[in-house]
Amino acid sequence: MTANTPPQARSVRLDKWLWAARFFKTRSLAKTAIENGRVRIAGQKLKAGKEIKTGMQLMVKQGKVEKTIDVLALSEHRGSASQAAKLYQETDSSIQNREQLELDRKAAFNGMPQTESKPNKKQRRQIMQFSRQSD
């Protein structure tokens, strides 16, 4: 447990913990993510009031990235980023999957043509004219 956690606290609400661990900016965003099934324990959809304990493993989906994390400590209070990082640890397989997704995303954009600047007014008009012709 951290210094922010009272000694009698053995569990914390899931939405409060996700907010304290800085996965979401507000508790309402954490609650919405939980209700939409983006946070799971063992594949089970949860409620925001679910009490979590140390040692539990959560799956948190943020955008296209899905992180599997182990709960190391509990806190109901949002602290600094360094304190929040001590509340959980991401699993090795989750880190590898996230890095692979990043590599795939970068590879998809490698084949696209790169321009040195934005199109000027004349070029934008040509683009618009060309797109109208193809419709």
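## Overall picture

A residue is called buried here when its relative accessible area is under 20%. By that yardstick, 25% of the 135 residues of the chain are buried. Keep in mind that this is a predicted model.

On secondary structure, we have five helices and seven strands. Walk along the sequence and they come in the pattern β-α-α-β-β-β-β-β-α-β-α-α. As for dimensions, a compact globule of 135 residues would have a radius of gyration near 14 Å, whereas this chain comes out at 21 Å. Lined up on the principal axes, the C-alpha atoms fill a box of roughly 70 × 30 × 30 Å.

Two more whole-chain numbers are handy. The accessible surface is about 9,800 Å², and carbon and sulfur atoms own 49% of that. Among contacts with a separation of 6 or more, 46% are between residues 24 or more positions apart.

## The nonpolar core

The largest nonpolar core has 23 residues, and the members that touch the most others are Leu14, Trp17, Leu18, Phe23, Leu58 and Val60. At least two core residues come from each of helix 1 (14-20), helix 2 (27-35), strand 2 (39-41), strand 5 (57-62) and strand 6 (65-71). Helix 1 is the top contributor, giving four residues.

Val60 also turns up in a pairing with Gly37: the two are 23 residues apart in sequence, and their C-alpha atoms are 9.1 Å apart in space. Gly37 itself is in the loop between helix 2 and strand 2. With a relative accessible area of 16%, Gly37 falls under the 20% cut-off, so it counts as buried.

## Trp17 and the aromatic cluster

How accessible is Trp17? Its relative accessible area is 0%, so it is buried. Setting aside neighbours within four places in sequence, its contacts include Val12, Phe23, Ile52, Leu58, Ile69, Val71, Leu87 and Tyr88. Ala73, Leu74 and Ser75 are also on the Trp17 contact list.

The whole structure holds three aromatic pairs. One of them is Trp17 with Tyr88: the ring centres are 6.4 Å apart and the planes sit at 75°, so this pair is edge-to-face. Since Trp17 is in helix 1 and Tyr88 in strand 7, the pair ties together parts that are 71 residues apart in sequence.

Phe23 and Tyr88 make another ring pair, with centres 4.7 Å apart and planes at 45°, so this one is tilted. Phe23 belongs to the loop between helix 1 and helix 2, so its pairing with Tyr88 in strand 7 ties together parts 65 residues apart in sequence. Taken together, Trp17, Phe23 and Tyr88 form one aromatic cluster. On accessibility, Phe23 is buried at 8%, while Tyr88 counts as partly exposed at 23%.

## Glu90, a buried acid

Strand 7 (residues 88-90) also contains Glu90. Is Glu90 buried or exposed? Its relative accessible area is 14%, which means it is buried.

What do the polar contacts of its side chain look like? The Glu90 side chain has a polar contact of 2.7 Å with the side chain of Ser94. There is also a 2.8 Å polar contact between the side chains of Glu90 and Arg98. Not counting residues up to four places away in sequence, Glu90 touches Lys67, Thr68, Ile69, Ile95 and Arg98. Ile69 is on the contact list of Trp17 too.

How values were computed:
Residues numbered from 1 in each chain as written. Predicted model: local features only at pLDDT ≥ 70, side-chain atom pairs only at ≥ 80, totals over all residues. Heavy atoms only, no water. Core = buried A, V, L, I, M, F, W, Y, C linked by side-chain atoms within 4.5 Å. Buried < 20%, exposed > 50% of the residue type's maximum accessible area, 1.4 Å probe, protein only. Contact = heavy atoms within 4.5 Å. Polar contact = N/O pair within 3.5 Å; in protein donor to acceptor, adjacent residues only side chain to side chain. Rg over C-alpha atoms; globule rule 2.2 N^0.38 Å. Areas by Shrake-Rupley, 256 points an atom, 1.4 Å probe, with all protein chains shown as cover. Phe/Tyr/Trp six-rings, centres within 6.5 Å; stacked < 30°, edge-to-face > 60°.
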